[in-house]
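Student: Got a minute to go through this model with me? I want to talk about a helix and then the ligand.

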Amino acid sequence: MLSRFLALDRLLLPTQPLWRVQPFHHLDLPWQHTHPALCEALSALDLPALQGLEQDALGRQALLWPLVPQAAELATLCRLPHLPCSAPMAAPAHVPGRKWAQIWAFAQQLDAADRQGHILEWCAGKGHLGRLLARQGQPVVSLEWDADLCQAARQLSAGLPQQIVQQDVLASGSGPWLAGARQAVALHACGDLHRHLLQQGVAQGVASLSLAPCCYHKHAHEQYQPLSRAAQASALGLTRRQLQLPLQETVTGGARVRRLRWQELSWRLTFDALQRDLRGEETYLPLPSFAKERLAGELLAFIRWAADTKGLTLPAQLDVTPYLQQAQARLAQVLRMELVLGLFRRPLELWLLCDYALYLQEQGYGVSLAEFCERPLTPRNILLQAHKLASAEGG
Ligand SMILES: C[S@@+](CC[C@H](N)C(=O)[O-])C[C@H]1O[C@@H](n2cnc3c(N)ncnc32)[C@H](O)[C@@H]1O
């Protein structure tokens, strides 16, 4: 684990100019001086070619690996074992199929009950994972802070050995539930919620932890606070924005999802071209995220909403056509930068997971990282499993 972490760290450090880039802030490729051959190869790709490459891993590899010397080794460092999984039973009516397949795959990797105590489900949502375990006869306590989700979970778990507890997991009240648990499980608990589980699980001496983390950027601090000594000694210094990089990748979407994404990028860039013109400033003005329904309307209505959100007054007569044309050219430029960023998303995720794993090792746990399902099922498909080593038991 340490050698994987140090190798990732060594390769991510010199490549920072490639992955710290924010595509919307740049009108041109920002690596003309440092990576001229890369820029030349990217510039030769038109929009359809760039859009096609999003679905073509081998094409991306053939294009980028010769031009980014660290890329091949980074990809090798991201290879993890795939855990075997039997075909899932039919999904219950109340669980979406994709969620059910994730839960099934996750549950397959958990140890059979060989200890006293309950399984603790952390950030349970409607408690679907816990309920599958409870159906196997294992006592489960599911912690969730949302009252409506708890209510729904209680109805679904009637008659099963699953207790639903409304609890903020970040509050001290979660401690006793951890202390009594033989194992804690967390499927897609976000950022600080899963990091708190690691720290509190250690503090309460939980024998076994299994988690598939997500939303690393949901962090109370602007600067990432590493958990392990190795990551604390790293010069990488990630910010919240870089913690989000692993999430900014569409691996689960079909053609419609991709088309919507390109439309969103293009509309955002149209507004960007317009706002630069209106303000007379060549700087990006970030727009907040918005409901996808907004993309079903007219471009002009979107522009009005965006201007309103940013407190800009639009001219009475507005022709968006020239701005839309500029946006199409910039869309290609953004996709070129995204191609390069794509080389670093998974390595950054692995860097973070190695930080968690090394922290647990320092605390006397044996730790493994593996993929518990295919990425199209969920891009957050890495399972971290930790078992307190005998020498650390009772210590
Ligand atoms: C991404 S969902 C995952 C839910 C479930 N584990 C699953 O995979 O379907 C994260 C859950 O964490 C819950 N949550 C967020 N903050 C929490 C907190 N401080 N304490 C307890 N639960 C929290 C949310 O309400 C949500 O149900």
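Student: What phi does G205 take, just after α11?
Tutor: G205 takes a positive phi of about 70° there. Helices here are DSSP runs (H or I, at least four residues) and strands are E runs of at least two, both numbered from the N terminus. The model is predicted, so local features need pLDDT of at least 70, side-chain atom pairs count only at pLDDT 80 or more, and totals for chains, interfaces and linings use all residues. Residues are numbered from 1 along each chain as its sequence is written, and side-chain values use heavy atoms, with hydrogens and water left out.

Student: Which residues of α11 are buried?
Tutor: Among them are D192, H194, R195 and L198. Buried means under 20% relative accessible area (1.4 Å probe, protein chains only).

Student: And what do they pack against?
Tutor: The partners include β1 (118-122), β4 (181-190) and α16 (321-362). Contact means heavy atoms within 4.5 Å.

Student: OK, ligand now. How many residues surround the ligand?
Tutor: 13, with K99, C123, E144, D168 and L187 the closest. The cut-off is a heavy atom within 4 Å.

Student: Which polar contacts does the ligand make?
Tutor: A polar side-chain atom of K99 sits 2.8 Å from a ligand oxygen. A ligand nitrogen is 2.8 Å from a polar backbone atom of L187, and a ligand nitrogen is 3.4 Å from one of W145. A polar contact here is a pair of N or O atoms within 3.5 Å.

Student: How much of the ligand does the protein bury?
Tutor: 80% of the 590 Å² that the ligand exposes taken alone. Areas are Shrake-Rupley with a 1.4 Å probe.

Definitions and conventions. Polar contact = N/O pair within 3.5 Å; in protein donor to acceptor, adjacent residues only side chain to side chain. Buried < 20%, exposed > 50% of the residue type's maximum accessible area, 1.4 Å probe, protein only.
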